[in-house]
Amino acid sequence: MKLIILFNFYILTTFLCSQEFNFKSMGTLIRNEVTMFPDGGKFISFRHEGGFETDIGKYGKYQCHGSILYNKESTLENMYFACNNIDQNGDSYVSMGKRKRGSEIDRAVGQTEILDGTGFWKDFVNTTCTYAIEYIDNIVFAPGKCKKP
């Protein structure tokens with residue numbers, strides 16, 4: 001009997017203290033303001049918002065703001081963004097990230113870090129997530145994986 005209780009406790013704590021989770025985000029590009037440079041490069045200020053779901057039973061909405069700098073070959077030079085995420089219970093987290101230099105305009109891999117959180121998400125502060133993003137017209141798709149430190 002003790003063995004069964006210990007096994008159930010192990011399974012429960014492993015699930016609750018999971019060190020990683022997967023997510024899928026899908027949203028819409030709300031704002032995309034472009035400043036063109038004479039050499040063909042461009043600076044973009046953007047905002048997109050949508051929803052997310054995870055494999056740890058959390059889902060909700062997000063809103064991101066950021067900026068992108070592309071060179072004349074349309075290769076990424078610099079990108080930073082911040083996102084506010086609110087789950088189905090009203091718990092939230094703020095993340096900030098960047099995309100990898102040299103990525104293409106419509107597809108890319110990047111990293112984001114959870115900087116602050118409330119409720120459930122407090123335990124995920126300093127968690128790093130790697131994501132892939134793809135745009136189809138004004139629709140944004142971004143699956144990813146997060147790992148706690």
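**A loop residue, a buried aspartate and the fold around them**

Ser-74 is found in the loop between strand E3 (59-70) and strand E4; helices (H or I, at least four residues) and strands (E, at least two) are DSSP runs numbered from the N terminus. The model is a predicted one, in which local features need pLDDT of at least 70 and side-chain atom pairs count only at pLDDT 80 or more, while totals for chains, interfaces and linings use all residues. Residues are numbered from 1 along each chain as its sequence is written, and side-chain values use heavy atoms, with hydrogens and water left out.

The backbone of Ser-74 merits attention: its phi is near 65°, a positive value in a residue that is not glycine. Most residues other than glycine have a negative phi. Ser-74 counts as partly exposed because its relative accessibility is 29%, where buried means under 20% relative accessible area, exposed means over 50%, and partly exposed lies in between (1.4 Å probe, protein chains only).

A second positive phi occurs at Asn-126, with a value of about 75° although this residue is not a glycine. Asn-126 lies in the loop between strand E6 (107-117) and strand E7 (128-136). With a relative accessibility of 44%, Asn-126 therefore counts as partly exposed. When residues up to four places away in sequence are set aside, Asn-126 touches Glu-113, Ile-114 and Pro-149; a contact means heavy atoms within 4.5 Å. The C-alpha atom of Asn-126 is separated by 9.3 Å from that of Ser-95, 31 residues apart from it along the chain.

From these loops the account turns to strand E4 (residues 76-87), where Asp-87 has its place. Asp-87 counts as buried because its relative accessibility is 5%. Beyond its neighbours within four places in sequence, Asp-87 is in contact with Phe-52, Lys-58, Tyr-59, Gly-60 and Trp-121. With Trp-121 there is also a polar contact between the two side chains, at 2.8 Å; such a contact is a pair of N or O atoms within 3.5 Å, and within protein one must be able to donate a hydrogen and the other to accept it, residues adjacent in sequence counting only if both atoms are side-chain atoms.

The protein as a whole contains 1 helix and 8 strands. Read from the N terminus, the order of these elements is α-β-β-β-β-β-β-β-β. Of its 149 residues, 33% count as buried. Among contacts between residues at least 6 apart in sequence, 44% join residues at least 24 apart. The protein exposes about 9200 Å², and carbon and sulfur atoms supply 58% of this area, as given by the Shrake-Rupley method with a 1.4 Å probe; for residues, only the protein chains shown count as cover.

How confident is the prediction along the chain? The average pLDDT is 87, and 83% of the residues score at least 70; pLDDT is the predictor's confidence in each residue, from 0 to 100. Strand E2 (residues 42-54) has the highest confidence, at 97, whereas helix H1 (residues 2-16) has the lowest, at a mean of 43. Over residues 1-16, pLDDT stays under 50, and the model has 0 contacts beyond four places in sequence for this stretch.
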